[in-house]
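Subject: Structure for you to look at

Hello,

The structure we talked about is below. Please open it beside this email and follow the residues as you read.

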There are 2 protein chains.
Amino acid sequence: MAQDEGIVQSVDRALTLLELMASPDDARRLSDLARRSGLAVSTTHRLLTTLERRGFALHDPQSGSWTVGQRANLVGDSFSLHGSLVVPARPILRDLRDLTRETANLGVIEAEEAVTVAQSESREIMRAIAPPGGRVPVLNSGMGKAIVATWPDAAIDTLIERQGLRPLTSHSLRSKDDVFAEIHRIRVQGFALDDEEYVIGMRCVAAPVWSEMSEAIAAVSVSGLAARLTRDHVPAIAKQVVDKAAQLTKAIGGQAATL
Amino acid sequence: MAQDEGIVQSVDRALTLLELMASPDDARRLSDLARRSGLAVSTTHRLLTTLERRGFALHDPQSGSWTVGQRANLVGDSFSLHGSLVVPARPILRDLRDLTRETANLGVIEAEEAVTVAQSESREIMRAIAPPGGRVPVLNSGMGKAIVATWPDAAIDTLIERQGLRPLTSHSLRSKDDVFAEIHRIRVQGFALDDEEYVIGMRCVAAPVWSEMSEAIAAVSVSGLAARLTRDHVPAIAKQVVDKAAQLTKAIGGQAATL
DNA sequence: AAATGTTTTCCATAATGTGGAAAGGGCGAC
DNA sequence: GTCGCCCTTTCCACATTATGGAAAACATTT
């Protein structure tokens, strides 16, 4: 009964369920999904439970209805980013890593948090390990600040109102005044510095990448141990980062906004 | 060795691979993924192949690198839509279905095509079956036209330039003039009519749903067999559709743009 | 041309997924 | 309030199906 050779039945079935959950049809209880997929109810239940434990499916016990989970959304987003941003970014990140000998990152803002979407790891033994794929409060990260600084003041204000400040280390920004002073500095300098504001012992220099529509859609950064990436080194590193960010902007046909 | 009871091992592993592919790390060849996931190479290969056949993974034979596939993107999108749009829409669509006795739909525009994201099926024996989840050229669907009509003329022009017109039936729009005449009519009337332009035998009446930022982010429609949903009925149906679209707009905190 | 590393195919083994059936819940009808 | 229906969840015996080692094909480097 193996019509398809070399593929994993249970995985194939789980994917079918994911697609059924994504379909507009509103028959989405266990028994509906079982019927629609042609699987046994118990099998369907086991597969859905598996998807749920991993956050790929979401179950509302109230109505009994199953929907696609947030994890699937995160994974899915990586597809759209990939073609338009990550692919052109990779060689540039590698260059940057080799020039600086530190870890080079590409990040975007999603759901008001900074997310790293591509990374080229430093080859040094001691290297900065920004949790890859991890989500960081925008104002605690170099990449986040680089992007936010391109926003109008009013939007930044709203952001702070909405999520407040969450100082993570003794160096983190603590007041609205701090933030605006910092934003101003970023605008003047053309790059953002995370000076042990996210994790003690790590510094990070970031610059924005611009879209065709002159929106800052991403940021390039270099992160390194504070011990090696000292304040003295920041200007030289910043020059490289700004340069590579501009190169990526060009590669994707973007254009910096005129401030 | 069953530490997790009641979950499907192979599916769990496949999900791990999906997440690894979505992670920023650029070690994404078969052997890298095997190492990172801790699975045997042959197992990893089989799982990836399974994901690939279904479009959830993408393999570039050139570089050997694996990335997340487009199917994962489509599935993932349904998550973000769900919370903000589909959930509030469901009861409204059901109402609309019961009022009109025809199939009620909610659609959005994605990648310049109209996609149905929720649906409440008519209970009649003969009912319109707009392929649910199917993608339709924007200008061949009521929902698409209802949304596009809210765009500035220049944007509509670009759209036509980019994808051309693809008449699907003898009633479809065939020239740029047709389109603009139609768009004008929609703006005046406040609803869009698909008069057998997508499939002969089906009529469809649609009205836009507005976001907080006064952008038309979706459309509500009723689709029925032309034999039952005659031209005479259109005005009455349109009133219901416009009404329900406004109700949904209100439910999501949206506001219609002032024309 | 040899050596190293990576992807793909094959196969014996038993671990793992499967679906029927029974137990457990929830909801509406009477 | 109780019964009865339908839907969800758990259980279990069975063999189908997934598994990983090894070998074969393919690429890349020295």
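In this predicted model, B:Glu102 and B:Arg228 form a salt bridge, with 2.7 Å between their closest N and O atoms (a salt bridge is a side-chain nitrogen of Lys or Arg within 4 Å of a carboxyl oxygen of Asp or Glu). The pair joins distant parts of the chain, 126 residues apart: B:Glu102 is in the loop between α4 and β3 of chain B, and B:Arg228 is in the loop between β8 (216-225) and α8 (234-251) of chain B. Helices (H or I, at least four residues) and strands (E, at least two) are DSSP runs numbered from the N terminus. Over all chains, the structure holds 39 salt bridges.

On conventions: residues are numbered from 1 along each chain as its sequence is written, and chains are lettered from A and ligands numbered from 1 in the order in which they are written. Local features need pLDDT of at least 70 and side-chain atom pairs pLDDT 80 or more, while totals for chains, interfaces and linings use all residues; side-chain values use heavy atoms, leaving out hydrogens and water.

Next, DNA strand C. Which residues come nearest to it? They are A:Ser42, A:Thr43, A:Arg46, B:Gln9 and B:Ser31, out of 18 around the strand (near means a heavy atom within 4 Å). By class, this surface has 5 nonpolar, 10 polar and 3 charged residues (Ala, Val, Leu, Ile, Met, Phe, Trp, Tyr, Cys and Pro count as nonpolar, Asp, Glu, Lys and Arg as charged, the others, Gly among them, as polar). Of the strand's atoms within 4 Å of the protein, 73% belong to sugar or phosphate and the rest to bases.

Three polar contacts (N or O atoms within 3.5 Å) can be checked by eye:

- A polar side-chain atom of A:Ser42 is 2.7 Å from a base nitrogen of DNA strand C.
- An N or O atom in the side chain of A:Arg46 is 3.1 Å from a base nitrogen of the strand.
- A polar backbone atom of B:Gln9 is 2.6 Å from a phosphate oxygen of the strand.

Last, the largest pocket holds about 1,100 Å³ of space. On a 1 Å grid over the protein atoms alone, a pocket is an open set of points where a 1.4 Å probe fits, with protein on both sides within 12 Å along at least five of seven lines; lining residues have an atom within 4 Å of a point. The volume is the space filled by probe spheres set on the points, which are joined across faces, edges and corners. Among the 18 lining residues, B:Asp77, B:Ser80, B:Ile109, B:Glu215 and B:Ile217 are closest to the centre. α4(B) gives the largest share of the lining, 5 residues.

Regards

Note on methods:
A polar contact is a pair of N or O atoms within 3.5 Å; within protein, one must be able to donate a hydrogen and the other to accept it, and residues adjacent in sequence count only if both atoms are side-chain atoms.
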